[in-house]
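Grab a viewer and work through a few short exercises on the structure below. Try each task yourself before you read its solution.

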Amino acid sequence: MELQNLRDRIDTLDDQLLNVLNERMELVRQVGELKRSSQSIIYRPEREKQILDRLEKRNNGLLTRQAIDAIFFEIFAVSRNLELPERVSYLGPEGSFTHQAAEGRFGAMSEYMVLPTIHSVFESVETGRAKYGVVPIENNQEGIVIETVDFLREKNLSIVAEVLLQVHFTFASQSDSLKDIKKIYSKDIAFRQCGKFIHEYLEGMNVELIPVESTSKAAKMASEEPDAAAICSSISARLFGVPILFDNIEDSDQNRTRFLILAKDFVNIKSEEDKTTIIANLPNTNRPGVLYEFLKDFNDRGINLTKIESRPLRGEAAFRTWFLVEFLGHMQDPPVQEIMHKYGTHLKWLGSYIKVS
């Protein structure tokens with residue numbers, strides 16, 4: 001078949017796609033009217049997962065699950081903006097991995113607030129300046145993000161969803177030759193996570209490694225200096241127009257960062273695969289067996305704990321701790337309700353949401 005014939009067929013399919021998408025958006029508009037009349041929540045992660053799971057089962061073509069997710073998350077985002085435009089804040093700068101996580105879930109069309117600190121993201125959602133906030137919670141190579149954990153306890157926000165992002169670093173430069181590069185900008189953590197690439201490709205070349213506060217800033221600086229390069233995300237390289245010389249230069253292909261989507265007074269409908277996060281401020285933690293008894297309550301009820309992190313209880317002279325606890329299940333599950341009732345005000349429920357990680 002000739003190239004022009006193939007292109008004509010593609011054009012025909014694109015026309016069909018456009019018509020079908022417009023038909024879908026009309027139905028979305030009607031759904032939005034019903035939700036507004038009943039004051040229902042627009043963003044429903046469990047409904048989106050049901051759609052994606054169903055499409056994966058029906059798929060018999062070349063599209064992977066990752067590709068299906070990418071395409072339909074953008075369709076979902078456009079749909080939500082038709083139903084009710086909502087502002088999303090995220091930890092900046094623009095071009096960061098948090099930006100990538102936010103845009104991957106809420107799409108390119110959403111209105112975004114780029115904020116300088118995790119505290120400012122929490123505050124933007126708490127005050128209503130943003131409907132949703134996106135912050136990092138942990139990286140499987142570097143561990144927990146302490147600031148996020150502390151603000152989960154201090155602020156009254158709910159966890160809407162979690163996003164798991166595979167972290168890839170690129171090597172970007174205006175120069176197309178390594179021998180012409182005199183300096184490399186990046187965040188200190190990125191230098192650590194790309195040590196093998198730096199050693200194997202740049203050893204003996206007298207290149208200066210210059211830490212900056214973000215990989216996004218690194219890309220910006222590399223865009224302005226012809227003899228400089230950046231180790232950064234692909235989204236920041238594209239944002240500042242820096243050509244990518246090498247992709248996926250990280251030491252480990254298992255590098256993942258988990259992000260949380262936050263909102264006020266948000267409750268997810270129970271699904272088949274839920275995770276719940278709570279804060280446990282247990283009394284008398286200096287008494288032997290207090291933590292053991294608490295954990296045993298989960299074991300006795302067959303609840304699988306997936307995380308427990310301890311943090312110091314500030315504002316007291318004594319050395320006391322509180323705990324961030326995550327487990328499989330939903331707040332509405334009877335065994336979970338038993339534990340919540342048993343410990344009462346010593347537990348703070350943060351959210352039950354679709355399990356991704």
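The exercises below go through a predicted model, taking two sheets, one helix and one pocket in turn.

**Exercise 1. Work out the strand order of the four-strand open sheet, and find which strands stand at its edges.**

Step 1: Follow the pairing across the sheet. The order comes out as β13-β14-β12-β15, and the pairing is antiparallel.

Step 2: Look at the ends of that order. β13 (305-312) and β15 (347-354) each have a single partner strand, so one side of each is left without a neighbour in the sheet.

Step 3: Check how the strands are turned. Ignoring direction, neighbouring strands here sit at 15° to each other on average.

Step 4: Zoom in on one pair. β12 (residues 274-280) and β14 (residues 321-328) are antiparallel and share six bridges. Take A280 as a landmark: its bridge partner in β14 is F323.

Step 5: See what lies across the strands. Helix α6 (residues 146-154) lies across β12, β13, β14 and β15, and runs at about 95° to β14.

**Exercise 2. Place β6 in its five-strand sheet, and find the bridge partners of A172 in β9 and β10.**

Step 1: Get the order. This open sheet reads β8-β7-β9-β6-β10, with mixed pairing. Its edge strands, β8 (208-211) and β10, pair on one side only. From one strand to the next, the twist averages 30°.

Step 2: Add the helix. α9 (residues 215-224) packs on this sheet and touches β6, β7 (183-186) and β9, with its direction at about 155° to that of β9.

Step 3: Go through the partners of β6. With β9 (residues 228-232) the pairing is antiparallel over four bridges; with β10 (residues 244-246) it is antiparallel over two bridges.

Step 4: Now pick out A172. Its bridge partner in β9 is A230, and in β10 it is I244.

Step 5: Sort the side chains of β6 (residues 170-173). T170 and A172 point one way, F171 and S173 point the other way, and all are buried.

**Exercise 3. List the buried residues of helix α5, and say what covers them.**

Step 1: Scan the helix, residues 118-126, using under 20% relative accessible area as the cut-off for buried. You should end up with I118, S120, V121, F122, S124 and V125.

Step 2: Look at what sits over those residues. The cover includes β1 (87-91), β2 (111-115), β3 (132-139), α6 and β11 (256-263).

Step 3: Keep going past the end of the helix. Just after α5, G128 takes a positive phi of about 85°.

**Exercise 4. Describe the largest pocket: what is its volume, and which residues lie nearest its centre?**

Step 1: Start with the volume, which is about 950 Å³.

Step 2: Turn to the lining. It has 30 residues, and D69, F73, G104, V163 and L164 lie nearest the centre.

Step 3: Sort the lining by residue class. You get 12 nonpolar, seven polar and 11 charged residues.

Step 4: Trace the lining back to the fold. α2 (45-58), α3 (65-83), α4 (97-106), β5 (158-166) and α10 (234-239) each supply at least two of its residues.

Terms used
Residues are numbered from 1 along each chain as its sequence is written. This is a predicted model: local features need pLDDT of at least 70, side-chain atom pairs count only at pLDDT 80 or more; totals for chains, interfaces and linings use all residues. Side-chain values use heavy atoms; hydrogens and water are left out. On a 1 Å grid over the protein atoms alone, a cavity is a set of points where a 1.4 Å probe fits but cannot get out, and a pocket is an open set with protein on both sides within 12 Å along at least five of seven lines; lining residues have an atom within 4 Å of a point. Grid points are joined across faces, edges and corners, and a volume is the space filled by probe spheres set on the points. Ala, Val, Leu, Ile, Met, Phe, Trp, Tyr, Cys and Pro count as nonpolar, Asp, Glu, Lys and Arg as charged, and the others, Gly among them, as polar. Two strands pair if DSSP finds at least two bridges between them. Axes are lines fitted to C-alpha atoms, for helices over the stretch in contact, and angles run from 0 to 180 degrees between N-to-C directions. Contact means heavy atoms within 4.5 Å. Buried means under 20% relative accessible area, exposed over 50%, partly exposed in between (1.4 Å probe, protein chains only).
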